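Visitor: Please walk me through this model. I would like to hear the reasoning behind each label.

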Amino acid sequence: MENYKNVHVLPKSQYLTSLHTKARNRKAEQSEFVFYSDRIIRLLLEAASELLPYTSHNIQTPIGDIYNGAILNTKLCGVSVIRAGESIEGEYRRMYPDSPMGKILIQRDKLTKLPHYYYSNLPDDIAERTILLFEPMLATGGSLAKAIDLLKEREVPEDNIIVVNFLSSPVGLNRIMTSYPTIKLITSSIENGLNKDAFMNPGIGDFGDRYFGTYKPS
């Protein structure tokens, strides 16, 4: 979305399209869905890492030369919006094994489509950290908005929040970026819209169910 400077969409490529083709296929088995989703998740986290602050840091190589390097200049915390957000944790831990992980449980009522907050567990120093907030599906934006509000209540600056997102709908993206204009958001695709059941189209189905194997592909 060109109107939102803090929205970053992964560059289009044949490789990314091929990953989406595998993951979106309704006939994909769980193992296939997880494998190709994880490849996209890694790309999203690598893109998010480019938005973090770094400091120049020179080191000496084994042959005695100096390498002009860089090191991360912030304390990180991954925060999953349970349950779908937990799909991002594995790749995050591989990239940042020493960073803590927080949890927020927000569930959408299947009838009203409204989000309800139930639980959170966050580090005591959460306000001092840069947050990678994991929410794969941004449909109406209600659940993500509640998660952002909770972090702000814990005194996390809005511009210290980077949302790592798999798919976004235009209406959800507009809601989030209008309400929280200084957060950053990484996504792999902006979808066409929402259907009557508030699923994105062309979409990917229920991401959490497919990733964690709680329903059979039809």
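**Reasons behind the labels**

Guide: We start with Glu155, in the loop between α4 and β9 (161-164). Keep in mind that this is a predicted model.

Visitor: What makes Glu155 exposed or buried?

Guide: Its relative accessibility is 63%. Exposed means over 50%. Glu155 therefore counts as exposed.

Visitor: What is notable about phi of Glu155?

Guide: Phi is near 70°, a positive value, and Glu155 is not glycine. Most residues other than glycine have a negative phi.

Visitor: Which value does phi of Ala198 take?

Guide: Phi of Ala198 is near 65°, again positive in a residue other than glycine. Ala198 sits in the loop between β13 (193-194) and β14.

Visitor: Why is Ala198 called buried?

Guide: The cut-off for buried is under 20% relative accessible area. Ala198 has 11% relative accessibility, so the label is buried.

Visitor: What makes Pro100 partly exposed?

Guide: Partly exposed is the range between under 20% and over 50%. Pro100 has 23% relative accessibility, so it belongs in that class. Its place is the loop between α3 (89-95) and β5.

Visitor: Which residues does Pro100 touch, leaving out those up to four places away in sequence?

Guide: Leu76, Cys77, Gly78, Tyr92, Pro123 and Arg129. Contact here means heavy atoms within 4.5 Å. There is also a C-alpha distance to note: Pro100 and Ile126 are separated by 9.7 Å, while 26 residues apart along the chain.

Visitor: Why is Thr130 called buried?

Guide: Thr130 has 9% relative accessibility. Buried means under 20%. Thr130 therefore counts as buried. Thr130 belongs to strand β7 (residues 130-134). Its contacts, not counting residues up to four places away in sequence, are Leu52, Thr74, Lys75, Leu76, Cys77, Asn160 and Ile162.

Visitor: How do you know that the buried residues of α1 line one face of the helix?

Guide: First, the residues themselves. In α1 (residues 14-24), Leu16, Leu19, His20 and Ala23 are buried. Seen down the helix axis, these buried residues fall within an arc of 100°, so they line one face. Gln14 and Thr21, on the other side of α1, are exposed.

Visitor: What covers the buried residues of α1?

Guide: The cover includes α2 (30-49), β10 (167-168), β12 (189-190) and α6 (207-212).

Visitor: What makes β8 and β12 edge strands?

Guide: The sheet is open, with three strands in the order β8-β10-β12 and parallel pairing. β8 (137-138) and β12 each pair on one side only, and that makes them the edge strands.

Visitor: How do you know that β8 and β10 pair?

Guide: Two strands pair if there are at least two bridges between them. β8 and β10 have two bridges, in the parallel sense. Met137 stands opposite Leu167 in β10.

Visitor: What lines the second largest pocket?

Guide: The lining is Val9, Leu10, Lys12, Ser13, Leu16, Thr17, His20, Thr21, Ser188, Ser189 and Ile190. α1 gives the largest share, four residues. By class, the lining has four nonpolar residues, six polar and one charged. The volume of this pocket is about 270 Å³.

Visitor: What is the volume of the largest pocket, and which residues lie nearest its centre?

Guide: The volume is about 860 Å³. The lining has 33 residues, and Ile106, Gln107, Arg108, Ser143 and Asp206 lie nearest the centre. Two or more lining residues come from each of β4 (76-82), β5 (101-108), β6 (115-121), β8, α4 (142-153) and α6.

Visitor: How do the lining residues of the largest pocket divide?

Guide: They divide into 15 nonpolar, nine polar and nine charged.

Visitor: Where are the cis peptide bonds of Arg83 and Pro202?

Guide: One joins Ile82 and Arg83, with omega about 15°. Arg83 is in the loop between β4 and α3. Another runs from Asn201 to Pro202, with omega near 0°. Pro202 lies in the loop between β14 (200-201) and α6. Most peptide bonds are trans.

Key
Residues numbered from 1 in each chain as written. Predicted model: local features only at pLDDT ≥ 70, side-chain atom pairs only at ≥ 80, totals over all residues. Heavy atoms only, no water. Buried < 20%, exposed > 50% of the residue type's maximum accessible area, 1.4 Å probe, protein only. Arc of directions from axis to C-beta. 1 Å grid on protein atoms, 1.4 Å probe; cavity = no way out; pocket = protein on both sides within 12 Å on 5 of 7 lines; lining within 4 Å. Points joined across faces, edges and corners; volume = space filled by probe spheres on them. Nonpolar A, V, L, I, M, F, W, Y, C, P; charged D, E, K, R; others polar.
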